[in-house]
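Q: Hi, I'm new to this one. Can you walk me through it?
A: Sure, let's take a look together.

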Amino acid sequence: MLRSIDLMARSQSLVTNARGEYAILSRADREALQAGRLTSEHARFHDLLALGMIERPGGGGVGLEAAAERTRKAFLLDGPALHIFVVTLRCDHACGYCQVSRAATGAEGFDMSWDDARAAIDRVFEAPAQALTVEFQGGEPALRFDLIERIVLEIEQLNEIHRRNIRFSLVSTLHHLGHDELAFCRDHQIHISTSIDGPAPLHDRQRPNPTHDSFARTVESLARARAVVGHEGVAAMPTLTRAAMADPKAVIDVYRELGFASIFLRPISPYGFARKTRRAIGYDMGAFVAFYNQALQYLLELNRRGEPMVETYASILLRHIMTPFGSGYVDLRSPAGAGLGVLVYNYDGQVYPADEARMAAESGDRRFTLGTVHQSFETLMSSPAMRWLATGAVAEQLPGCRDCAFVPFCGADPVYHAAAHGDPIGDRATSDFCTKHMGLFQILFGHLAEGDPETLRTFTAWAFNRARDEVIDAGYVPQ
Ligand code: SF4
């Protein structure tokens, strides 16, 4: 089955097939191809035949389609590979976009008990994946570093029997990580991720802390952390509010000045803050797509000038577009990552299929609860909430998506659609998830259609996660 879409601001169309191959054609050629009128004399005939866009006489493409599907969806065999422990909801910051997901530092009843943590560890090892990531979140998880240490040591001990490949990560402001905590992270290979929202005035306004010096303390803590865990041991990402939309360069330049080689540009999550705050800091998804377009232009220019700076979300989308493999990214896959790729163990012992589901639950929407950490993995995975979310988990079957040319590279987000539209299927016409991806795919395919060699070199490097100078020719990376 061929799907097509016209590329914005170009006189060309994109055509894709179920193998995840794509071709950019003139509109006349696209029409001829879809009507079965393209003859063997046409300059693109053999190319399109090889891509599986034209049926071979006598068929024979079905095996290739199945093989491509197996490669792209290999993540399905793993089950949930990402296990998030919300060790505490307490935090000393008061970020406007995180109102429902934090409690005051002195508040009681917002820390995970050891009994719940120990049960959650059992759930981690019940998941079938050989490669597992255990992530610590909050609140500010460093406020319960003692619990993090205990969980890590317990997992490491149990893993002497289970023999899994386990990676740890910690999402933290860094402010409460002293030398001893950082040394523990280094010794147990806990990768650290932090938040930097942009230049100091913007960051301090969005992420207020009690001493009103959030940016300065983050920069100071970053240097302290890098000195112990190494430069590559700490990553950062911004939360992009309306205030950041005006100047993408300013946000990117902060990351350059702090020595980061990548930035992950994500729109603000629709969960986690009150309606009034949303009016103040939220924005239309179209504004984000415009921001992203400008930001990408700037990043491409930096790369062209020899400064390798990666936009992480583009690298995920380009991996879907330019390689036969999935990215493993749980927020953009089909079947969706909710529950099938991620499990979240909340501080109160409840289990959720995604961090967004946890935040929706904190706002009072309890439909997403899979059960408690004391229930077995099988019970959680066959819970009514999982069965409900499964109705919107396969993009290729969703109204709107099933005919969309971007669907081989896109994903499904039943949690977002259930929270925003009332049911996991949702409505693509009013979906921010869809508006964002339509916009981003249009931008990326616009560049691919333009074919500027420098842009293609950067895109190839990003898609294959290789250095730009390793790309011999755009589209070719040595093995
Ligand atoms: S979410 Fe939108 S862009 Fe993605 S496959 Fe569905 S219709 Fe296409």
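Q: How many helices and strands does the protein have?
A: The protein has 19 helices and 13 strands. Keep in mind that this is a predicted model.

Q: What radius of gyration does the protein have?
A: The radius of gyration is 23 Å. That agrees with a compact globule, because one with 479 residues would come out near 23 Å.

Q: And what box do the C-alpha atoms fill?
A: Along the principal axes, the box is roughly 75 × 50 × 45 Å.

Q: Which domains does the assignment give?
A: Domain 1 covers 1–72 and domain 2 covers 77–381.

Q: How many Å apart are the C-alpha centres of domain 1 and domain 2?
A: Those centres lie 39 Å apart.

Q: Switching to the inside. What percentage of the residues is buried?
A: Buried residues make up 53% of the 479 in the protein.

Q: And what area does the protein expose?
A: About 20500 Å². Carbon and sulfur atoms supply 52% of that area.

Q: What about contacts between residues at least 6 apart in sequence: what percentage joins residues at least 24 apart?
A: For those contacts, the figure is 66%.

Q: Now the ligand. Which residues surround the ligand?
A: Four cysteines are in the list: C401, C404, C410 and C434. G400, V407, R428, F433 and M438 also surround the ligand.

Q: How do the residues of that shell divide into nonpolar, polar and charged?
A: Seven are nonpolar, one is polar and one is charged. The charged residue is R428, and the polar one is G400.

Note on methods:
Residues are numbered from 1 along each chain as its sequence is written. This is a predicted model: local features need pLDDT of at least 70, side-chain atom pairs count only at pLDDT 80 or more; totals for chains, interfaces and linings use all residues. Side-chain values use heavy atoms; hydrogens and water are left out. A residue is near a molecule or strand if one of its heavy atoms lies within 4 Å of it. Helices (H or I, at least four residues) and strands (E, at least two) are DSSP runs, numbered from the N terminus. The radius of gyration is taken over C-alpha atoms; the globule rule is 2.2 Å times the number of residues to the power 0.38. Buried means under 20% relative accessible area, exposed over 50%, partly exposed in between (1.4 Å probe, protein chains only). Contact means heavy atoms within 4.5 Å. Accessible areas come from the Shrake-Rupley method with a 1.4 Å probe; for residues, only the protein chains shown count as cover. Domain bounds come from an automatic or database domain assignment.
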